[in-house]
Amino acid sequence: MKSQDTAFEGGPLDGRVLSVLLGPTGQPPKTYKVPVPDAAGGPPTVLVYRRVPSGRPGKLGLHPGWKYAYDPEGEKADDGRPRWPWSKPATGPGPARRSGPEDSHGTE
C-alpha cells in the first residue's frame with residue numbers, strides 16, 4: 001500500500017510529520033485516531049485528528065495536499081454513521097424549525 005508523509009497540527013502531535021497509509025482513492029482517511037495508553041493501566045485515551053486541506057490551491061488550481069488538525073471533541077463528534085448527502089442531519093442543539101400554518105407567507 002502507498003503512504004504519504006502528513007503533518008499534524010494541535011494536540012500532543014503538533015508539528016510532527018507521520019507516514020499515513022492512503023486509501024483506495026489515493027487520499028488519507030478523514031479521521032486519524034491515536035490511542036494513548038493510560039499510565040495507571042486503565043483504558044487508553046483516543047486522540048482524534050480530522051483531515052483538512054493544507055493550504056490554498058496554487059495558480060493552476062492543484063490541490064495542495066492534506067494535514068490533520070486536532071479535534072478536542074474527539075469521539076463525541078463522530079457517531080460512526082456515514083454522512084451521505086441524502087441522510088438526515090445529526091440531531092443536536094440548533095435552531096428549531098417549525099412547520100405549519102404559521103409558517104405560510106400569506107395572510108389569512
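**Close-up views of a five-stranded predicted model**

**View 1. D71 and its partner R50.** D71 sits in strand 5, which covers residues 66-71. This is a predicted model, and here we start with a single acidic residue. D71 has a relative accessibility of 12%, and because the cut-off for buried is under 20%, D71 counts as buried. Look for the side chain of R50 beside it: the side chains of D71 and R50 are joined by a polar contact of 2.9 Å.

**View 2. The stacked rings of F8 and Y68.** Staying with strand 5, we come to Y68, which pairs with F8 of strand 1 (residues 3-9). The ring centres of F8 and Y68 are 5.2 Å apart and the planes meet at 20 degrees, so this pair is stacked. The two residues are 60 apart in sequence, and the pair thereby links distant parts of the chain. Both rings belong to buried residues: F8 has a relative accessible area of 2%, and Y68 has one of 0%.

**View 3. The aromatic cluster around that pair.** Widen the view a little and F8 and Y68 turn out to have company. Together with Y32, Y49 and Y70, they form one aromatic cluster. The model has 5 aromatic pairs by the ring-centre rule.

**View 4. The largest nonpolar core.** Some of those aromatic residues return here. F8, Y49 and Y68 are joined by L13, V20, V34 and L47 in the largest nonpolar core, which has 7 residues. L47 is a good place to pause: leaving aside residues up to four places away in sequence, L47 touches P12, Y32, K33, V34, V36 and Y70. Of these neighbours, V34 is a fellow member of the core, while Y32 and Y70 belong to the aromatic cluster.

**View 5. R51 over W66.** Here an arginine meets a ring. R51 lies over the face of W66, at 4.2 Å from the ring centre.

**View 6. The whole chain, for orientation.** Stepping back, the protein chain has 5 strands and 0 helices, with the order β-β-β-β-β from the N terminus on. Of the 108 residues in the chain, 15% are buried. Among contacts between residues at least 6 apart in sequence, 30% join residues at least 24 apart. The chain exposes about 8,900 Å², and carbon and sulfur atoms supply 56% of that area.

Conventions
Residues numbered from 1 in each chain as written. Predicted model: local features only at pLDDT ≥ 70, side-chain atom pairs only at ≥ 80, totals over all residues. Heavy atoms only, no water. Helix = DSSP H or I, 4+ residues; strand = E, 2+ residues; numbered from the N terminus. Buried < 20%, exposed > 50% of the residue type's maximum accessible area, 1.4 Å probe, protein only. Contact = heavy atoms within 4.5 Å. Areas by Shrake-Rupley, 256 points an atom, 1.4 Å probe, with all protein chains shown as cover. Polar contact = N/O pair within 3.5 Å; in protein donor to acceptor, adjacent residues only side chain to side chain. Phe/Tyr/Trp six-rings, centres within 6.5 Å; stacked < 30°, edge-to-face > 60°. Lys NZ or Arg CZ within 6 Å of the ring centre and 35° of its normal. Core = buried A, V, L, I, M, F, W, Y, C linked by side-chain atoms within 4.5 Å.
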